[in-house]
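Me: Got a model open here and I'd like to talk through one helix and a pocket. Can you walk me through it?

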Amino acid sequence: MEYVYKTHNTCSTEIRLTIEGDVISNVSFTGGCNGNLKAIPALVNGLTVDEIERKLSGITCGLKPTSCGDQLAKACRAALEYQQSHT
């Protein structure tokens, strides 16, 4: 299932991902730092929601209370909860 998450307090504005069960793939960001937003999807492709949360939750960017990685962890959890409530 494809899921779209609107980010908060980051340079990126949106995260798109595919979730099958609890496995994430096809992550893409709209906006943000080009290099980081190519690297993050490559690193998390095929990981579970729990694995992504363990690696990325709580990471901040500069003085911001969040980061694109932290927002991805939130997006993955939201996608899993949405999927579970709509199956």
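Me: Which residues are exposed on α1?
Reply: N34, K38, A42 and L43 are exposed, over 50% relative accessible area with a 1.4 Å probe and protein chains only. This is a predicted model, where local features need pLDDT of at least 70, side-chain atom pairs count only at pLDDT 80 or more, and totals for chains, interfaces and linings use all residues. Residues are numbered from 1 along each chain as its sequence is written, and side-chain values use heavy atoms, with hydrogens and water left out.

Me: And which ones are buried on that helix?
Reply: In α1 (residues 34-44, a DSSP run of H or I with at least four residues), L37, I40, P41 and V44 are buried, meaning under 20% relative accessible area. They fall within an arc of 95° seen down the axis, going by directions from the axis to the C-beta atoms, so they line one face of α1.

Me: Why would spaced-out residues share a side?
Reply: An α-helix has 3.6 residues a turn, so residues three or four places apart point the same way.

Me: What do the buried residues of α1 pack against?
Reply: β3 (23-30, a DSSP run of E with at least two residues), α2 (49-56) and α3 (68-85); contact there means heavy atoms within 4.5 Å.

Me: What follows α1?
Reply: G46, with a positive phi near 90°.
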